[in-house]
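Trainee: Could we go through this structure together, with the reasoning behind each term spelled out?
Mentor: Gladly; let us look at it first and then take the terms one by one.

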Amino acid sequence: MELSYWLSRWNKNKIGFHMPEGYASLPKHLNQLKLPYFKNVLVPLCGKSLDLLTLSEYFDHVTGAEISEKAVLEFLAEHQPEHTKSTFADFSIYRSESFTFWCGDFLKLPPRKTPPFDLIYDKAALVALPPEKRPAYAEKIHSFCSEQTAILLHHFIYNQEEMPGPPFSVSDAEINRLFGKNFQTALLERENQDIHRFKKFVKRGLKSGLLEQFLLLTP
């Protein structure tokens with residue numbers, strides 16, 4: 001899945017993947033997190049998710065990485081109209097009191113330019129990527145982790161032969177291969193979804209079920 005695909009989706013406003021209300025269970029899980037600090041959180045492939053606002057209520061600063069400048073500007077216009085813009089390499093950087101957005105290719109985001117992160121929040125970012133791109137994504141995530149960084153990770157499991165991604169199916173075994181060396185995994189939520197609520201998925205061929213999981217990865 002090339003970056004141009006996601007840019008095109010945002011530019012054409014074909015953003016069925018965007019959750020206007022955010023992830024309803026996020027506050028519950030943030031309240032239960034036992035982190036040494038709640039200073040900085042990283043949100044890869046953040047879009048204009050309202051989860052960013054939720055995270056800003058718990059953390060001093062939220063850093064988002066997003067390929068679509070349109071998505072970032074729409075979020076800022078609605079929630080943080082006072083902001084500045086700068087550039088670094090191929091990135092446009094938008095800063096406000098509570099947020100920093102790096103607009104560009106997440107895989108090129110330099111860790112030396114970001115603060116240490118207490119949490120990385122992956123809300124359907126990993127599942128947006130095809131299998132061949134997920135190892136590089138995981139390696140990049142590792143580069144932002146310290147010995148105290150935790151990860152909240154949302155993913156889907158389904159029969160990939162029935163429906164092409166995105167979102168892609170990412171198994172527990174693959175998550176263990178990508179992150180198991182440095183993290184322990186705890187299951188926070190597991191829900192067998194009624195696929196008839198996802199009419200677009202059914203049209204694309206999904207028929208045998210959709211499992212949604214929310215995980216906590218701790219070092």
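**Reasoning from values to terms**

Mentor: In this predicted model, the chain holds seven helices and nine strands.

Trainee: What makes the chain as compact as a globular protein of that length?

Mentor: The radius of gyration of the chain is 17 Å, and the globule rule gives 17 Å for 219 residues, so the chain is as compact as a globular protein of that length. Along the principal axes, the C-alpha atoms fill a box of roughly 45 × 40 × 30 Å.

Trainee: Why is Ser96 called buried?

Mentor: The relative accessibility of Ser96 is 12%, and buried means under 20%, so Ser96 counts as buried. Ser96 sits in the loop between strand S4 (91-95) and strand S5 (99-103). Across the chain, buried residues make up 49% of the 219 residues.

Trainee: Which residues is Ser96 in contact with, leaving aside its neighbours within four places in sequence?

Mentor: With those neighbours set aside, Ser96 is in contact with His61, Gln80, Glu82 and His83, where contact means heavy atoms within 4.5 Å. For the chain, among contacts with a separation of 6 or more, 68% are between residues 24 or more positions apart.

Trainee: How many positive and negative side chains does the chain have, and what share of its accessible surface belongs to carbon and sulfur atoms?

Mentor: There are 26 positive and 26 negative side chains, with the centres of the two sets 4 Å apart. The accessible surface comes to about 11200 Å², and 50% of that surface belongs to carbon and sulfur atoms.

Technical notes: Residues numbered from 1 in each chain as written. Predicted model: local features only at pLDDT ≥ 70, side-chain atom pairs only at ≥ 80, totals over all residues. Heavy atoms only, no water. Helix = DSSP H or I, 4+ residues; strand = E, 2+ residues; numbered from the N terminus. Rg over C-alpha atoms; globule rule 2.2 N^0.38 Å. Buried < 20%, exposed > 50% of the residue type's maximum accessible area, 1.4 Å probe, protein only. Areas by Shrake-Rupley, 256 points an atom, 1.4 Å probe, with all protein chains shown as cover. Lys, Arg positive; Asp, Glu negative; His and termini not counted. Charge placed at Lys NZ, Arg CZ, Asp CG, Glu CD.
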